[in-house]
Amino acid sequence: MAAPPLSAEASPLQEVVRFAEGGAYAGEVLCRHVRLGPAILACTDARVLYLRAGSWNVQWQVPLDQIKGVEIQRDKSRVLIQTFGSRQPTAIDCGHVAVCGLVYSTLQEVRTLRSEALMGTALMQVESRRAAPALARTDIVE
């Protein structure tokens, strides 16, 4: 079973995410992060952000819904994010092959959390549609 997302108050990095890019990600919750030397890979409930530590500038971002796959390139100590609609993957330089495993597992865990959240929402919608006709029938008085 995957670990639950962190609460918004659990990390000071949540504040960085909230104010990054003029508040563009203010409504997102930081789920996981990995420090990569002068950068931080911050995974929210909606996207992956690559931030420069100190300046907190967003170098790039990838919405979780656009990630097609994640691949480790051990010989180059990096992880690649494959996205839908793009032939060029987004590369994360990890510095050491051991860090590649951490980055890979973090990305996969956040993708799993996102899938579970979407599935839960879809199931609730199905249940509400199923319950709606029954509620409408109870309002009929003969």
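Accessible areas here come from the Shrake-Rupley method with a 1.4 Å probe, and for residues only the protein chains shown count as cover. This is a predicted model, in which local features need pLDDT of at least 70, side-chain atom pairs count only at pLDDT 80 or more, and totals for chains, interfaces and linings use all residues. Residues are numbered from 1 along each chain as its sequence is written, and side-chain values use heavy atoms, with hydrogens and water left out.

**Exercise 1. The whole chain**

State how much area the protein chain exposes, and what share of it carbon and sulfur atoms supply. Then describe the secondary structure of the chain.

Solution.
- Step 1: The protein chain exposes about 8600 Å². Carbon and sulfur atoms supply 55% of that area.
- Step 2: Take buried residues (under 20% relative accessible area; exposed is over 50%, partly exposed in between; 1.4 Å probe, protein chains only). They make up 33% of the 142 residues.
- Step 3: Count helices (H or I, at least four residues) and strands (E, at least two), which are DSSP runs numbered from the N terminus. The chain has two helices and seven strands.
- Step 4: Along the sequence, the pattern reads α-β-β-β-β-β-β-β-α.

**Exercise 2. The aromatic pair**

Find which residues form the aromatic pair, and classify its geometry.

Solution.
- Step 1: Apply the rule. Rings of Phe, Tyr and Trp (its six-membered ring) pair if their centres lie within 6.5 Å; planes under 30 degrees apart count as stacked, over 60 as edge-to-face and the rest as tilted.
- Step 2: The structure holds one such pair. Its members are Tyr50 and Trp60.
- Step 3: The centres are 5.2 Å apart and the planes differ by 5°, and the pair is stacked.
- Step 4: Tyr50 belongs to strand S3 and Trp60 to strand S4, so the pair ties together parts 10 residues apart in sequence.
- Step 5: Check burial. Tyr50 has 11% relative accessibility, so Tyr50 counts as buried. Trp60 has 19%, so Trp60 counts as buried too.

**Exercise 3. The cores**

Work out which elements supply the largest nonpolar core with at least two residues each.

Solution.
- Step 1: A nonpolar core is a set of buried Ala, Val, Leu, Ile, Met, Phe, Trp, Tyr and Cys residues joined through side-chain atoms within 4.5 Å.
- Step 2: The largest core has 21 residues. Leu41, Val48, Trp60, Val79, Ile92, Val103 and Leu107 touch the most other members.
- Step 3: At least two residues each come from S1, S2, strand S3 (47-52), strand S4 (58-63), S5, S6 and helix H2 (97-138).
- Step 4: H2 gives the largest share, four residues.
- Step 5: Apart from this core lies another, of 11 residues, including Val17, Ala20, Leu30 and Leu49.

**Exercise 4. Thr44**

Is Thr44 buried or exposed? Which side chain does its side chain meet in a polar contact?

Solution.
- Step 1: Thr44 sits in strand S2 (residues 39-44).
- Step 2: Its relative accessible area is 0%, so Thr44 is buried.
- Step 3: A polar contact is a pair of N or O atoms within 3.5 Å; within protein, one must be able to donate a hydrogen and the other to accept it, and residues adjacent in sequence count only if both atoms are side-chain atoms. The side chain of Thr44 makes one with the side chain of Glu28, at 2.6 Å.

**Exercise 5. Positive phi**

Compare the burial of Glu21 with that of Ser77.

Solution.
- Step 1: Glu21 is not a glycine, yet its phi is positive, about 55°. Ser77 is not a glycine either, and its phi is about 50°.
- Step 2: Glu21 is partly exposed, at 49% relative accessible area. Ser77 counts as buried, at 17%.
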